[in-house]
Amino acid sequence: MYRLLRCLVSLLALSAAIAPATVAAADPEDSSILDVRPLGGRQLEVVVHSAAMNRPITLWMSHPGPGAPALYLLNAVDGGEEGGPWTRRTDVADFFADKNVNVILPMSGRASYYTDWLRDDPALGRNQWTTFLTRELPPLLESRFGMTGRNAVAGLSMSATSALNLAIGAPGFYQAVGAYSGCPRTSDPAANAYVHASLAPFGANADNMWGAPDNPAWAEHDPMVQTERLRGVALYVSSGDGAPGTHETLGDPGIDGNPVRLADRMLVGGVMETIIGGCTRPFTDRLAALGIPAIVNLRPGTHAWNYWQDDLHASWPMFAAAIGA
């Protein structure tokens, strides 16, 4: 009997070790800036310890000097860790080189939706990005770099949904949001399946993020459901329709005369943007029905960085006005 009990105890301990751990709250004041390294001009690499995630997070930053607001830019589903971040895929460094704004870009966050996960994920570890981006990081940056406390956030693809959800979850913190080519729905069956499918290639289980599909956390993080909570935030929402647009040419940057790349962008990127366009149009219709102002850019085009660079340029005047840049 004793051996049987000892065996059962061992099995229970093993099960607890394998099962994803529920995340315990951490004190944001335990976070700190670990390092600031100049990269040339106004560009910096900033390393911040996140108490919530218990690991260092590296940021790229464009810092014009004290007395400027902040624009947080979020990467696509790879977190900038594999295919490349904003700084490699666009002209973000040059575009903001003469503008009175701190641009802050986390160089990680793959498959995380930049949100707080209910449980640790065996593939991704601990994700507590909402806590990091809205509670841990801003006070540190504002104190170190003399920022004004006015903020905007923009994301693309996966992180377009994240940008909207960050504004929903932290009322008053962001004055403006840019959502480029993302699906602003999460809780209906089709959108839920889309989220799961987006994370699966990274080995991540979306059930660890917001629970099983019937968990209320999915609706709490669904901009289509929570649209009213975006009232008062300046909004820019864009997507393509999957059809060839201005950037589907052999001479376009990233295609560089290669017909195989062009075919891939038109086929793979076209299908992706067709799905995303189908998510975005009902959301922009709901904004209009509720009388919530937004700059809406629904255009021909595929799922490609060239369009998101265009979106960043086009939405900048809105950001600048909202945050006083």
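**Close-up 1. A52 sits in the loop between β2 (43–50) and β3 (55–62).** This is a predicted model, as are the views that follow. With a relative accessible area of 7%, A52 counts as buried, because the cut-off for that word is under 20%. Look across from A52 and you'll find W129: the two are 77 residues apart in sequence, yet their C-alpha atoms are 8.4 Å apart in space.

**Close-up 2. A152 belongs to strand β6 (residues 151–156).** Its relative accessibility is 0%, so A152 is buried. As for company from elsewhere in the chain, try P69, which lies 83 residues away from A152 in sequence. From C-alpha to C-alpha, A152 and P69 are separated by 8.4 Å.

**Close-up 3. The largest pocket has a volume of about 930 Å³.** Its lining is made up of 36 residues, and those closest to the centre are R89, H303, A304, W305 and W308. Several helices chip in: α2 (86–89), α5 (158–169), α6 (189–199), α9 and α10 (305–323) each provide at least two lining residues. The top contributor is α9, which puts seven residues into the lining of this pocket. Sort the lining by class and you get 17 nonpolar, twelve polar and seven charged residues.

**Close-up 4. The second largest pocket holds about 280 Å³.** Here 21 residues form the lining, with T115, D116, T130, W210 and H221 closest to the centre. Two or more lining residues come from each of α4 (129–145), α5 and α8 (216–220). This time α5 has the largest share, at five residues. By class, the lining of the second largest pocket splits into ten nonpolar, eight polar and three charged residues.

**Close-up 5. A search of the whole structure turns up one cavity of 30 Å³ or more.** The space inside the largest cavity comes to about 40 Å³. Around it you can pick out A160, T161, L164, A179, G182, C183, P184, V237, S238, T280 and F283 as the lining. At least two of the lining residues come from each of α5, β8 (234–240) and α9. The most come from α5, which supplies three. Charged residues are missing from this lining: by class there are seven nonpolar, four polar and no charged residues.

**Close-up 6. L267, V268 and M272 make a nonpolar patch on the surface.** The patch covers about 280 Å². M272 is part of helix α9 (residues 259–290), the helix that also gives the most residues to the lining of the largest pocket. How much of M272 is accessible? Its relative accessible area is 34%, so M272 counts as partly exposed. That value also lets M272 into the patch, because patch residues need over 30% relative accessible area.

How values were computed
Residues are numbered from 1 along each chain as its sequence is written. This is a predicted model: local features need pLDDT of at least 70, side-chain atom pairs count only at pLDDT 80 or more; totals for chains, interfaces and linings use all residues. Side-chain values use heavy atoms; hydrogens and water are left out. Patches are made of residues with over 30% relative accessible area and no salt bridge: like charges are joined within 9 Å, nonpolar side chains (Val, Leu, Ile, Met, Phe, Trp, Tyr) within 5 Å. Accessible areas come from the Shrake-Rupley method with a 1.4 Å probe; for residues, only the protein chains shown count as cover. A salt bridge is a side-chain nitrogen of Lys or Arg within 4 Å of a carboxyl oxygen of Asp or Glu. Helices (H or I, at least four residues) and strands (E, at least two) are DSSP runs, numbered from the N terminus. Buried means under 20% relative accessible area, exposed over 50%, partly exposed in between (1.4 Å probe, protein chains only). On a 1 Å grid over the protein atoms alone, a cavity is a set of points where a 1.4 Å probe fits but cannot get out, and a pocket is an open set with protein on both sides within 12 Å along at least five of seven lines; lining residues have an atom within 4 Å of a point. Grid points are joined across faces, edges and corners, and a volume is the space filled by probe spheres set on the points. Ala, Val, Leu, Ile, Met, Phe, Trp, Tyr, Cys and Pro count as nonpolar, Asp, Glu, Lys and Arg as charged, and the others, Gly among them, as polar.
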